[in-house]
Every structure is written in C-alpha cells, then in structure tokens.
Amino acid sequence: MQGLAAAAQRCEKKYLYREDNLVGSDDNLIRFYEALLAYYGPQGWWPGQSDFEVVVGAVLTQNTSWANVEKALAKLKEAQLLEPEGLNKIGPEKLAQLIRPAGYFNIKARRLKNLIRWFCQTYGGSLRVMAQNSVTRLREELLSVNGIGRETADSIILYALHKPTFVVDTYTYRVLVRHGCLEAQSDYEQIKEFCEGHLPQEVQLFNEFHALIVRVGKEYCRSKPRCEGCPLSRFEHFIEE
Ligand code: SF4
C-alpha cells in the first residue's frame, strides 16, 4: 500500500484527467486483457512448483525480485523445510539465515513464522482444507495474521488456493489510472472492486491478467511510462505534461 500511496502522489501531480473518461467503457478491462494476452501470450503464473511454495513465495517476494525469491526457496528446499511442519518448527533466526537471499530476511522470517503457525493451528497445514472456505472469510483470516497485507493475502488465495480474488499492485494502479479507469486517489480495495466488477469471476482470467499487468508494468508502464510500442498504447491514455 505504501507503493500505491506514493504512486498516487506522483500521478496526481503529473497526469491530466478528463471527467467524462474516468471509468471508460465497461468492456475496457477485458479489451486490455485480450490485447496483453495476444501480445505476450500466457505467463504461466505462479512460478512455484507446489501450492505451498506459492504461499511461502508470496511472503518472500515482498520488495524483491523473483530471482532472489528463487534463491531463498532453493535454500529452504535444500534444508528440506519447504513444508508446513518443518517451517513451523524451525526457529526464526535459523529461518532468517536460510531466506537471506530474499532480503529483509529478519522481517520476512517473522512474517513467515506468523503465517505458518496460524496455517498449522487453523488448518492443520492443509491447503485443501483451507480452500473450502469462501474468499471473504479467507481474506479476513489472512489479513488478521501479523505482517500479511492485502496483496500477499490475495496472491495466496488466487495462486495457491485457486479461488477468484483480484490481486492489485503498483502496476495495476499505474495502468488503470493512466488509462482513466480510476481516480488517482483510489486505494487497494477500490481498485480490486473495480477490476472484479468489470471482469468475469474466473480464476484463470484473474491469474493471467495480474501476471500480464506485471509484465507490461515492468516493460512499459514504469514510473516513467514508455508508451511507444506498448501493447496498450492504442487505448486512450494520459501522458505526462
Ligand atoms: S500505453 Fe503507456 S500508460 Fe498505457 S500501459 Fe502502456 S506505458 Fe502505461
């Protein structure tokens, strides 16, 4: 959310809006999705080898690249700790050393311990049992775990539990605000509600769309946008003054 707030401040200063185009047409989002999919093809997310690895990866990926997360996951695998019981038993200091390549390792070790402890106590370490709950309940539960934010909670629900919840990040914010779909002051829940309200509630579509937005965000829709050649450049967008 800090990332979204900072992006909001920058966009408020630099971008122009036309009142009659704030929401755009109702099918804009699906057209963005189709254009991105046609340009990039399926992204094959999430890049974890198991659903539990996705849960761990969702915590480790905060503020770092996936390449660094992979190194940390490899260390956990090597130590045969990439499973709920082992992670629940290991001490936070030892865990921090193993996940060191992912950065912010002391904080992430504490967050991971909190999450795994809750997961083992509440669901006996079973994602299959956890997935029997509704998205609303799962979100409430995950957000009550100390250190688990909205993006991490939604990533776990979508990519590890395969249930329909839209994952929002800074790239989602940038693309949608720059295309006049949302106001610059929109927060996480408003962006999520907008996306879910303008798309079919399909797990595969939510999965692919978020991955595609991350791709276009990294390659084109950076803090300084590179609209030329971008697969979304044919849709109306608002450029820096
Ligand atoms: S066309 Fe420009 S504003 Fe739109 S997604 Fe691409 S880089 Fe971002």
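## Helices, core and ligand shell

Tryptophan 46 lies in the loop between α2 (28-40) and α3. Helices here are DSSP runs of H or I with at least four residues, strands are E runs with at least two, and both are numbered from the N terminus. The peptide bond from tryptophan 45 to tryptophan 46 is cis, with omega near 0°.

This is a predicted model, in which local features need pLDDT of at least 70 and side-chain atom pairs count only at pLDDT 80 or more, while totals for chains, interfaces and linings use all residues. Residues are numbered from 1 along each chain as its sequence is written.

The protein has 13 helices and 0 strands. Of its 241 residues, 35% count as buried. A residue is buried if 20 or more other C-beta atoms lie within 10 Å of its own, exposed if 12 or fewer, and partly exposed in between, with C-beta atoms placed from the backbone. Two residues are in contact if their C-beta atoms, placed from the backbone, lie within 7 Å. Among contacts in the protein with a separation of 6 or more, 69% are between residues 24 or more positions apart.

The largest nonpolar core has 56 residues, and Ile99, Leu112 and Ile156 have the most contacts inside it. Such a core is a set of buried Ala, Val, Leu, Ile, Met, Phe, Trp, Tyr and Cys residues joined through C-beta atoms within 7 Å. Domain 1 (2-43 + 166-219) and domain 2 (51-160) both give residues to this core, so the core lies between them. The domain bounds come from an automatic or database domain assignment. Leaving aside neighbours within four places in sequence, leucine 112 is in contact with Val56, Val59, Leu87 and Leu95.

Helix α3 (residues 51-60) is mostly covered, with 8 of its 10 residues buried. These are Glu53, Val54, Val55, Val56, Gly57, Ala58, Val59 and Leu60. Their cover includes α4 (66-78), α7 (105-123) and α10 (150-160).

In helix α12 (residues 188-197), Ile191, Lys192 and Cys195 are buried. Seen down the axis of α12, the buried residues fall within an arc of 100°, so they line one face of the helix. The arc is that of the directions from the helix axis to the C-beta atoms. An α-helix has 3.6 residues a turn, so residues three or four places apart point the same way. The face of α12 turned away from its buried side carries the exposed residues Glu189 and Gly197. The buried residues of α12 have a cover that includes α2 and α11 (170-178).

Two loop residues have a positive phi although they are not glycines.

| Residue | Phi | Loop | Exposure |
|---|---|---|---|
| Asparagine 63 | about 60° | between α3 and α4 | partly exposed, 13 other C-beta atoms within 10 Å |
| Tyrosine 104 | about 45° | between α6 (92-98) and α7 | partly exposed, 15 other C-beta atoms within 10 Å |

The ligand is surrounded by 13 residues, of which the closest are Arg178, Cys221, Pro225, Cys227 and Cys230. A residue is near a molecule or strand if its C-beta atom, placed from the backbone, lies within 6 Å of it. By class, the shell around the ligand has 8 nonpolar, 3 polar and 2 charged residues. Ala, Val, Leu, Ile, Met, Phe, Trp, Tyr, Cys and Pro count as nonpolar, Asp, Glu, Lys and Arg as charged, and the others, Gly among them, as polar.
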